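Visitor: I would like to learn how to read a few features from a set of coordinates. Please take them one at a time.

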Amino acid sequence: MSPSFFRVSAALLPLLLTCTSVYGQNTTTATTSTTSSTTITTEDIPTATPSPTGALTDLLPSQAALPPKQAWCPSEIFCAGELLQTVNIAHLYPDDKTFADKPTTKSAQEVLNAFRNISSGTTYGQVVEFLQEDFTGEGQELEPLTLANLNPEPAFLKNVTNPVVKGFAQAVHGIWTQLIRGTNSTSLCSGSKCESSLIPLNHTFVVPGGRFREQYYWDSFWIVEGLLESELYDIANATLQNFMDELNTFGFIPNGGRIYYLNRSQPPLFIQVHRSILTRALPLAEKELTWWDTNRSVSVKSPFTNQTHKVYHYSVTNSAPRPESYLTDYTTANDPALPTLNDTAKAALYAELASGAESGWDYTTRWFSHQADGTSLRDLNVRNTIAVDLNSILYASHIALRDLYNNTNPSRQSAHTTAANALREAILDLNWDSAKVRTIASVSLVWDLTWLALSSPFTTSISLPISETIYSLPLLSTLTWSGIYPKEVLASKESAFGAFSSIHLVMNRYNGTFPATFIETHLQWDAPNAWPPHQYIALQALRHLPANVSSGALPTRPEGKSTFALLPAGQLGLEEAKLPGQPLTADRNATTSGPDADVSLLSGSVFNGGNASTTEEGWAAALGRQLANRYYASTLCSWHATGGSIQDILPRLSDAELNVTQSTSSFGHMFEKFSNLDIDSAGRGGEYVVQAGFGWTNGVLLWVASNYGNVLAAPQCPNLLEGVTAGGSNTKTGGGSENDAMVVRTPAFAVSIVLAGMLSLLY
């Protein structure tokens, strides 16, 4: 097993062993037990007011028939039904989730009676008045907390040598103070007083930020990584205690802390957070695996070996729009520009949308059926996909539980060993393609066998996998991060590099970090978006490759070729010319092939690739250093471009510069996702505007600072007034200044070309 999947915290253990919970006793009266490091603050949580898209006297648009009521979500206010659909059809808030998170000011019966009074011939004005009188601000059941014992100088900062890098890590460390929440006992809806969609939690927690105003499952893995670096052990403990409470009550960990998430989970990372939660967590970890086994397992006959395997897939029971994205789902199902769907087809679509949300990758072409044109969420085929990352995580969970028993329960140890071995065999059979070990002695991967023949209730026909069209390095990284090393990866240094060679391509070819896929769509889990968890997973995979295959220098590209030539043939499933282009200026991309495509290649390293170690650096360490620095550049440069500054180290940008990003009144945003084409930019696409905060971004940043601090360098950020753009609407023109003691802002690729003596190529 790879040790990278877990990290034991001795400081956390005594806290975990002494905590208790009353969560399952009465969730309607639960109150948050603030830790010794938190106190309640009077800071207000901002709320939205209804903004009608039509005149107040106008009638609402006509509605499609109501979907079936969902047994798992019985609320007549916040779950599928006439009230929820009518409010969403009115579209009074830009984000569907806003209404779903607003507690009522009256009893549920009073609210329903008030709605029935306007349910016929309803106007925009009637809905506005209804919302203003019967609902309060979203998220009011939660309260910000103050961290009373936040250490301004946590030990990990000693690992960071560059003053800019250290100052930024210290600033991000302080952002936890803005994201700490607790359940507001004075605003909880108890008895018949009012109704809310909140699942009350007993313990303090960290929210991701923005619209994600409650605790979330898989986000918390990376949040906890950061909390531990920040020495906030009691908050990390409280996070885990909340999850254990939910396991006690529901038998699984919901996607997030709202009742409308009670039909789905997220990637099951609970047991991977820490291996020191023995006393309370061990039986609950068993409970979670039982839930996945009961509700998400399927028997698959391999078209390659004819062996039958038990594997896992995301498959949510759901036949209505998601309450937090009601209008979005409703519109997808009822789009007049698309063929009309019958009730059965709508129900199947709603199940696919919820299953995609359960995966965390909502949404990506990786989930599309092979007949899809990649333009409509109607083409989702999540439930028929055997996801390598989900199965790899569950493999690692079995290995963790085997080890946690520590010979105290041989029968359970044996059961988990057997389950892990069977799952490993299934993954390597179904999700690994060894046939493309070619002349450069490397491999190509089949990431998703979406079209394998699945047992009932799925199709019995066999179709070809999508390996020729979808490639995602984060999925390979999850495989090896989980401790599964295909023999082709371990065969030689050359083959191991080949498996990870797309990182090398990205570092040389693009401005930012590794994208979720190389397919450009309007979907947020496709190019050009790069996600913090994926960078963490890739870094962990590189860190824990065996030394005998990760040593040796990075290979050099063939004469007259780009680094694309170093990839195993066919690995990406794309010709080089089909890869996303890297913008150089507002109206010109880099060339798509040949050595000039590697616009980030410098002499001996790559642009924003950090400081090479003074000791001999193997290829895996070199890629890790470069990727860590690119992640740092993406976070710091976008934060600085939106108003961030560090006293005496990094001055705030001018209003002229901040006006380019519309950030003259902002003080730095940590985004949930980034563009791999523009390190000044947040990601794009998806069902909602890009969110700031941001829990997992901060957690990964602090982990990177702790583990790569000695090789991190202050990034060179694009000059906002220079006209360098990518994937966004900002146009950058004019000039800027540099300061050698601080982050240098310069045209994104002018640096590498200036150093090569070719500035004239850009201007």
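Guide: Start with the backbone just after helix α21, where Gly643 takes a positive phi of about 105 degrees. Keep in mind throughout that this is a predicted model.

Visitor: How do I check the length of helix α21 against what its number of residues should span?

Guide: Take 1.5 Å a residue and compare the expected span with the distance between the end C-alpha atoms. Helix α21 covers residues 619-641, and its 23 residues should span 33 Å. The end C-alpha atoms are 32 Å apart, which agrees.

Visitor: How many residues of α21 are buried?

Guide: Buried means under 20% relative accessible area. In α21, 22 of the 23 residues are buried, so the helix is largely enclosed by the rest of the structure. For the whole protein chain of 763 residues, 62% count as buried.

Visitor: What else describes the chain as a whole?

Guide: Secondary structure, contacts and surface. The protein chain has 24 helices and 12 strands. Of its contacts between residues at least 6 apart in sequence, 75% join residues at least 24 apart. Its accessible surface comes to about 27,400 Å², with 51% belonging to carbon and sulfur atoms.

Visitor: Which residues does Thr513 contact, leaving aside its neighbours within four places in sequence?

Guide: First place the residue, then list its partners. Thr513 lies in the loop between α18 (493-509) and β7 (529-530). With those neighbours set aside, Thr513 is in contact with Val506, Met507, Ala530, Gln535, Leu627, Arg630, Tyr631, Ser634 and Asn676. Leu627, Arg630, Tyr631 and Ser634 are among these partners, and helix α21 runs over residues 619-641.

Visitor: Is Thr513 buried or exposed?

Guide: Thr513 has a relative accessible area of 1%, so this loop residue is buried. Its C-alpha is 7.9 Å from that of Ser675, although the two are 162 residues apart in sequence.

Visitor: Where does Asp95 lie, and what does it touch?

Guide: Asp95 lies in the loop between α2 (82-90) and α3 (97-100). Not counting residues up to four places away in sequence, Asp95 touches Arg211 and Glu324. At 17% relative accessibility, Asp95 counts as buried, because the cut-off is under 20%. Asp95 and Glu687 are 592 residues apart in sequence, yet their C-alpha atoms are 8.6 Å apart.

Visitor: How many cavities are there of 30 Å³ or more?

Guide: The count comes to 5 cavities. For each one, read the volume, then the lining. The largest holds about 280 Å³ of space and is lined by 24 residues. Phe212, Tyr216, Gln266, Asp362 and Tyr688 lie nearest its centre. By class, the lining of this largest cavity has 11 nonpolar, 5 polar and 8 charged residues.

Visitor: What lines the second largest cavity?

Guide: The second largest cavity has about 110 Å³ of space and a lining of 16 residues. Nearest its centre are Trp218, Asp389, Ile393, Thr478 and Ile537. The lining divides into 12 nonpolar, 3 polar and 1 charged.

Visitor: Which helices each supply at least two residues of that lining?

Guide: They are α14 (388-405), α16 (473-481) and α19 (532-543). The largest share of the lining of the second largest cavity, 4 residues, comes from α16.

Key. Residues numbered from 1 in each chain as written. Predicted model: local features only at pLDDT ≥ 70, side-chain atom pairs only at ≥ 80, totals over all residues. Heavy atoms only, no water. Expected span 1.5 Å × (residues − 1). Buried < 20%, exposed > 50% of the residue type's maximum accessible area, 1.4 Å probe, protein only. 1 Å grid on protein atoms, 1.4 Å probe; cavity = no way out; pocket = protein on both sides within 12 Å on 5 of 7 lines; lining within 4 Å. Points joined across faces, edges and corners; volume = space filled by probe spheres on them. Nonpolar A, V, L, I, M, F, W, Y, C, P; charged D, E, K, R; others polar. Contact = heavy atoms within 4.5 Å. Areas by Shrake-Rupley, 256 points an atom, 1.4 Å probe, with all protein chains shown as cover.
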